[in-house]
Amino acid sequence: MRVKLVAGNWKMNGSLASSQALLKAILPPLAALDRAHYAVCPPFPYLAAVGQALRGSKVQLGAQDLSQFDDGAYTGAVSGAMLAECGCRHVIVGHSERRTVFGETDEIVAAKYAQALKHGLSPILCVGEVLGERESGVTETVVARQLDAVTARCGTQALSRGVVAYEPVWAIGTGKTASPEQAQAVHAFIRGRVGAADRRTAEALLILYGGSVKAGNAAQLFAMPDVDGGLIGGASLVADEFVAICRAAQSAQETVRT
Ligand code: PEP
């Protein structure tokens, strides 16, 4: 049985003080949720302090990116080894903002995925189409290309050591959420594509949805059979919203069990 995961992507927001205040608000209510898994991905400089604050809680630590290189003369980059040392369990790879703003290609994303695995991190691989691609009917082609770049480099079974996040770019930070049916269709496509190569990997694969998930729409999204949780941007910075989204994952998980 797949266990739902909700991961908060704080992006480049907040301060050390606001991070601590957010944790103070979310950790007590999250302590009561025992069915699903929860993670937060703060900016690099806050990883150590956030990791410290998470000690004793079940909330996992994640990073938002990592270098495709091992170590050396790569000014500004942060390696998988460093993230592992900071206590990270997850790392987001190939977020659309990394792809579009920082020019990361499918090949770079695949190299980052490989680095994450090498250092025992669970990569959260983001895939998704821009609005024009959806409107031209090539969503599946785009998602398949992004996924295949990783499986070509790391093998299909490598997906069992990470998580896929379907994040339609037109839904990220825009307030426009994919409908539960739109999300389910792409998630089923992803599972089917992985399953054509390796059925067991596909069945166990966590596929998160990301793109304007809020307290008000999380339950409907998480009720879809192939939606295994969410990657949450803006709403992960608002304590009540994030806790409500985590509660929706807990309830959806309870429904799966019964
Ligand atoms: C994200 O940053 O991955 C994301 C899904 O953002 P938002 O929830 O704000 O759309």
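User: Let's start with one residue: where is P43 found?

Analyst: First, a word on what you're looking at. This is a predicted model, in which local features need pLDDT of at least 70 and side-chain atom pairs count only at pLDDT 80 or more, while totals for chains, interfaces and linings use all residues. Residues are numbered from 1 along each chain as its sequence is written, and side-chain values use heavy atoms, with hydrogens and water left out. To place a residue, look for the helices and strands around it: these are DSSP runs numbered from the N terminus, with at least four residues for a helix (H or I) and at least two for a strand (E). P43 sits in the loop between β2 (37-41) and α2 (47-54).

User: Is P43 buried or exposed?

Analyst: The idea is to look at relative accessible area: under 20% is buried, over 50% is exposed, and in between is partly exposed (1.4 Å probe, protein chains only). P43 comes out at 12%, so it counts as buried. Y46 is in the loop between β2 and α2 too, and at 17% it is also buried.

User: Which residues is Y46 in contact with, beyond its neighbours within four places in sequence?

Analyst: Contact here means heavy atoms within 4.5 Å. Leaving those neighbours aside, Y46 is in contact with N13, G14, S15, L16 and S19. Take G14: it is 32 residues from Y46 in sequence, with the two C-alpha atoms 10.0 Å apart. On the same terms, P43 is in contact with W10, K11, N13 and Q64.

User: K11 is on that list for P43. Which residues are closest to the ligand?

Analyst: A residue belongs to the ligand's surroundings if one of its heavy atoms lies within 4 Å of it. There are 14 such residues, and the closest are K11, E167, G173, S212 and G234. You can also sort the shell by residue type: Ala, Val, Leu, Ile, Met, Phe, Trp, Tyr, Cys and Pro count as nonpolar, Asp, Glu, Lys and Arg as charged, and the others, Gly among them, as polar. That gives four nonpolar, eight polar and two charged residues.

User: How many Å separate the side chain of K11 from an oxygen atom of the ligand?

Analyst: What you're after is a polar contact, a pair of N or O atoms within 3.5 Å (within protein, one must be able to donate a hydrogen and the other to accept it, and residues adjacent in sequence count only if both atoms are side-chain atoms). For K11, an N or O atom of the side chain is 2.7 Å from a ligand oxygen. E167 does this at 2.8 Å, and N9 has a polar side-chain atom 3.3 Å from an oxygen of the ligand. Taken alone, the ligand exposes 290 Å², and the protein buries 97% of that; these areas come from the Shrake-Rupley method with a 1.4 Å probe, and for residues only the protein chains shown count as cover.

User: How many salt bridges does the structure hold?

Analyst: Look for a side-chain nitrogen of Lys or Arg within 4 Å of a carboxyl oxygen of Asp or Glu. The structure holds 14 of these. One of them joins D70 and K118, at 2.8 Å from N to O. That pair links distant parts of the chain, 48 residues apart: D70 is in the loop between β3 (60-63) and α3 (80-85), and K118 is in helix α5 (residues 106-118). D70 is partly exposed at 36%, while K118 is exposed at 52%.

User: Which helix holds both E203 and R199?

Analyst: Both lie in helix α9 (residues 199-204), four residues apart, about one turn of the helix. Their side chains meet in a salt bridge at 2.9 Å, N to O. For a buried example, try E104 and K112, whose closest N and O atoms are 2.6 Å apart.

User: What does the side chain of R99 reach at 2.9 Å?

Analyst: That would be the backbone oxygen of C126. R99 also makes a polar contact with the side chain of D106, at 2.8 Å. You'll find R99 in helix α4 (residues 96-101), buried at 13%.
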